[in-house]
Amino acid sequence: MSEPISNNFIHNFIDKDLEEGVYKEVYTRFPPEPNGYLHIGHAKAICVNFTTALKYKGKCNLRYDDTNPVKEDVEYVDAIEEDIKWLGFSWDKLLWASSYFETMYDAAVALIKKGKAFVDELTAEQIKEYRGTLKEPGKESPYRNRSVEENLALFEDMRDGKFADGEKVLRAKINMASPNINMRDPVIYRILHAHHHNTGDKWCIYPMYDFAHPIEDAIEGITHSLCSLEYEDHRPLYNWVLDEVGFWENPPRQIEFARLNLTGTVMSKRLLKGLVDDGVVEGWDDPRMPTIAGLRRRGYTPEAIRDFCDRIGVAKSNSTVESSLLEHCVREDLQSKVESRNVVEDPIKVVITNYPEDKTEMVEIENNKNMPEMGVREIPFSNELYVDGADFMEVPAKKYFRLFPGNEVRFKGAYFIKCEEVIKNEDGCIKELHCTYDPATRSGLDFTERKVKGTIHFVDAKTAVQIKIREYDQLLIEDENGNLLPNEASKVEKIAYAEPALANAKAGERFQFFRHGYYIADSKLTTDDEKVFNKIVGLKSSYKPSK
């Protein structure tokens, strides 16, 4: 990536650390849990971690937080790596938290020996009950004051598989009266007899995230652990673990930033997985999904997503960003990159009665009106054409300058065309429009005798290619009780007619459909014989920047 990196409050902290010699370099990490596909919220975290490393000529690791063996899946691992690469970033090292299990175990033993951890036999419900509330202190476990020797023996028995799941846990011994509930003797190890994708059946005890996370950072030499804001209250525990274990002379520093909340979008992997499992969507890469895979299939570009993440900035307080800003970034990125094509929806046939039936000529149209350097193309024009259903009104509204009986318009790149007669079927529906053309008005001939107020596009009926268009709306909507429900109108499929060039469109190619919006040939459904296009964004932006 070549874009300049904006400054933010995280960089101010880092600048101070470097100036004071706390750290000599900057080393960050992106630590996803491989239990689902990444979404647009993760894109922000990816950008923050990788661009911070780039700004300081440092490094950023990709580390899988695979401390929960039940949830991991190789499919998710592959998807995560594809997403990061697609966004334009490269990691320094690819690492697994599970590679550090032995060190984490040693750290837990060190805490026990210092009298800072104990084996507890309270049930999960009892631990929750003993924890207290925000207003009331917690209550100490009756097992809290076991001897170091007994705790060491029990913890070893836990590792050896002598207890059932949930029968015992290892808890840090901190302060049950702490105003921070996270510091009230948190569980740092639990028993879980489950096969692990990396370590097999070697372990039946697994570290909790709040214990594993700081140790992972420290082992890798991470200098700045950049986390979302919900971990701010966990920072004292992060620091406590590193200080009390004491294995590392210069431990990392945790800095929190606001996570991304986007209007009309769900950012919960659990909810998104439910939509996949229940068949509400086609998969994790359904173009309606806010996953990076879904946005990629929808046609969003990595440049637009990085631009979006840069524009929203890095803040210390949570807020919700308008989805229209993301669409605006996509639109801005595409407008100078993609070529235009003529496509008509709800087609109305136009018969030019004074044009030779056996003649077809080629007319010239620019590929991108904003980028002359992208050149021109030729499309066929004959006596039978299709125009967009929205470009004709039998009884025109006020200030309607497109086609209607008696009105003359320019067919883009071709001639002035005048509607002479509306031909209808027996049921009263429009069959076709009979029109005439003026040969003297061909585009490029500098005709000046009269002007028209409207210009519309067309496709040649004899060579038109039938394509399928899929348009998308918000995936979930709220009912009257505030519950999220699938939006049955979130996907609409249409048949349209296109100029012949789209017969050669390849999966993943993007185009502007003239006066309709930006589209991409679907990566899964587009074949040599069938062309399926996803609408990326419309042409008009609803985003209004704050003043």
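This passage describes one β-sheet and a set of salt bridges in a predicted model.

The sheet is open and comprises 4 strands in the order β4-β5-β6-β7, paired in antiparallel fashion. Strands β4 (117-120) and β7 (205-207) form its edges, and because each has a single partner strand, one side of each remains without a neighbour in the sheet. On average, neighbouring strands of this sheet are turned by 20° against each other when direction is ignored. Strand β6 (residues 187-191) runs antiparallel to β7 and is joined to it by 3 bridges; in one of these pairings, Tyr 189 has Pro 207 of β7 as its bridge partner.

The salt bridges number 49 under the criterion applied. Arg 63 pairs with Glu 216, with the closest N and O atoms 3.1 Å apart, and this contact connects strand β2 (residues 59-64) with helix α7 (residues 209-220) across 153 residues. Arg 63 also forms a salt bridge with Glu 220, at an N to O distance of 2.7 Å; since Glu 220 lies in helix α7 and Arg 63 in strand β2, the pair ties together parts that are 157 residues apart in sequence. Arg 63 counts as buried because its relative accessibility is 0%, Glu 216 is buried with a relative accessible area of 1%, and Glu 220 is likewise buried.

A further salt bridge links Lys 337 to Asp 333, the closest N and O atoms being 3.0 Å apart; here Lys 337 is partly exposed, with a relative accessible area of 40%, whereas Asp 333, at 14% relative accessibility, counts as buried. In addition, a network of salt bridges links Glu 282, Asp 285, Arg 297, Arg 470, Lys 491, Glu 493, Asp 522 and Lys 524.

How values were computed. Residues numbered from 1 in each chain as written. Predicted model: local features only at pLDDT ≥ 70, side-chain atom pairs only at ≥ 80, totals over all residues. Heavy atoms only, no water. Pairing = 2+ DSSP bridges. Helix = DSSP H or I, 4+ residues; strand = E, 2+ residues; numbered from the N terminus. Axes fitted to C-alpha atoms, helices over the stretch in contact; angles between N-to-C directions. Salt bridge = Lys/Arg side-chain N within 4 Å of Asp/Glu carboxyl O. Buried < 20%, exposed > 50% of the residue type's maximum accessible area, 1.4 Å probe, protein only.
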